[in-house]
Amino acid sequence: MDFKALATEYKTPLYVYDLDYMSQQYEKLKLAFKGRKSILAYAVKANSNLSVIQHFAQLGSGADCVSIGEVRRALLGGIAPYKILFSGVGKSDDEIREAIEADILYINVESEAELNRVEFIARELRKISRISVRVNPNIDPKTHPYISTGLHDNKFGVDINSAKRMYIKAKNSDALDPVGIHFHIGSQLTELKPIYEASEIVADMVRSLEAIDIKLKFFDIGGGLGVEYDGETTIEPYDYAQAILATLKGLDITVICEPGRFLTANAGYFLTKVLYEKQNAEKRFTIVDGAMNDLLRPSLYNAYHKIEPITEVTGETSKADVVGPVCESGDFLAKDCELPVLEHNDLLVVHSAGAYGFGMGSNYNTRGRSAEVAVSNGKSRLIRKRERFEDLIALEKEFLI
Ligand code: LLP
């Protein structure tokens, strides 16, 4: 990838996505489930650019959405309604109404109270809402606590007993159709065992529901497959699929998987330019034009992203914190990164930035968000304009007195 040419053409800070890499990851995972009916429902939150969604739509992907905004994006990107799922612990009445009207595959219900709301709204609309229940299997996924979701002290899903009650209620309701079951124990998972154990618990639940004549069509295993940021060993898609399928013996059920990071993280690069070098007492800082408002993961999770200089300058390297212009000490892209002494306008590439990068960005410090570019077959195209000052004030300007 010619980062220098991309930075010259589109300026920095800039997100660049390799669509061909996304396709390869998609195909790899899809193939792993061959021999079983399966839907890959791309987790839109990982990278919700419309052109990225459209790319997955063209590959046949479904979409896992967590707000009605994401559902609208998925539809705009060309994902078929019957492959769209709507999850999340706090759906509003309006969101539920719109999802039912859009006739998506199902609403993933996360509490008994929510099930009551969905039933009430479906009845109002004189429709039957397809639902699945998110089960919390109480398994420790062994990942960062902020992205761990399958333990009883997390806000997500319901325990097995409540789930059973919810399925019985749904089966007896004239406005609900229980079609699926869902679990998602966390993100950036690098160990297979917790996934296998969770899947076993949930598959047993499917069997016990069949015994009381509740026959589900979809077994939704969530997302969570980890990727390599810093030499981690990751789970092979084939082993992942085999582990899940082993728990489903004897069940005629379609597997739904909701990958986000696996499809997009290592397809994305964040390009940023050096503004200044600065030495403070013992500490070297490389100040760049990208910041925590562009890529929050290092600040929020202390996440590691490999940073590589694209520069003619070589020679001795030393440790530097790569920091942005935002007025927070927590504004950094890397700590103690080995870098040569850099010059004004030298380019740095931040790797693995395709998932939870742009989407977690903000306008903090009145900084416009970066442009986004897609590359495919060696050709690049703009897929989101750089935000201008006018865009940032558009919703406030009229209120000046
Ligand atoms: N399905 C559900 C229900 C989810 O909650 C998530 C992610 C996914 C699928 C996709 O998970 P993935 O395949 O991408 O691991 N901002 C954090 C990650 C938050 C993940 C939230 N849920 C980060 O930057 O690491």
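Which residues line the largest cavity? The close-ups below take that up along with the ligand site, a pocket and two backbone details, in a model that is predicted.

**View 1. The largest cavity and its lining.** F183, H184, I185, L189, I195, I221, G223 and Y240 are the residues that line this cavity. There's about 40 Å³ of space inside. Searching the whole structure for cavities of 30 Å³ or more turns up just one. Sorted by class, the lining comes out as six nonpolar and two polar residues, with no charged ones.

**View 2. The ligand and the residues around it.** Here we zoom in on the shell, where 19 residues surround the ligand. S187, E258, R297, Y301 and Y356 are the ones that come nearest. If you like to think in residue classes, the shell has six nonpolar, seven polar and six charged members. Domain 1 (3–14 + 266–386) and domain 2 (87–259) each give residues to this shell, so the ligand lies between the two domains.

**View 3. Polar atoms facing the ligand.** Start with Y356, where a polar side-chain atom lies 2.6 Å from an oxygen atom of the ligand. G260 uses its backbone instead: one of its polar backbone atoms is 2.9 Å from an oxygen atom of the ligand. For D64, the partner is a nitrogen atom of the ligand, 3.2 Å from a polar side-chain atom of that residue. As for cover, the ligand on its own has 580 Å² of accessible area, and the protein covers 92% of that.

**View 4. The second largest pocket.** This pocket holds about 320 Å³ of space. Its lining counts 16 residues, and S48, N49, R73, F358 and G359 are the closest to the pocket centre. Which helices and strands each supply at least two residues of the lining? They are α3 (50–58), α4 (68–76) and β17 (379–384). By class, you get five nonpolar, five polar and six charged residues in the lining of this pocket.

**View 5. A cis peptide bond at T12 and P13.** Most peptide bonds are trans. The bond that joins T12 and P13 is cis, with omega at about -10°. To find the spot, go to the loop between α1 (3–10) and β1 (14–18), where P13 lies.

**View 6. A positive phi at D213.** Most residues other than glycine have a negative phi. D213 isn't a glycine, yet its phi is positive, near 70°. Look for D213 in the loop between α8 (192–211) and β8 (218–220).

Key. Residues numbered from 1 in each chain as written. Predicted model: local features only at pLDDT ≥ 70, side-chain atom pairs only at ≥ 80, totals over all residues. Heavy atoms only, no water. Near = heavy atom within 4 Å. Polar contact = N/O pair within 3.5 Å; in protein donor to acceptor, adjacent residues only side chain to side chain. Areas by Shrake-Rupley, 256 points an atom, 1.4 Å probe, with all protein chains shown as cover. Nonpolar A, V, L, I, M, F, W, Y, C, P; charged D, E, K, R; others polar. Domains from an automatic or database assignment. 1 Å grid on protein atoms, 1.4 Å probe; cavity = no way out; pocket = protein on both sides within 12 Å on 5 of 7 lines; lining within 4 Å. Points joined across faces, edges and corners; volume = space filled by probe spheres on them. Helix = DSSP H or I, 4+ residues; strand = E, 2+ residues; numbered from the N terminus.
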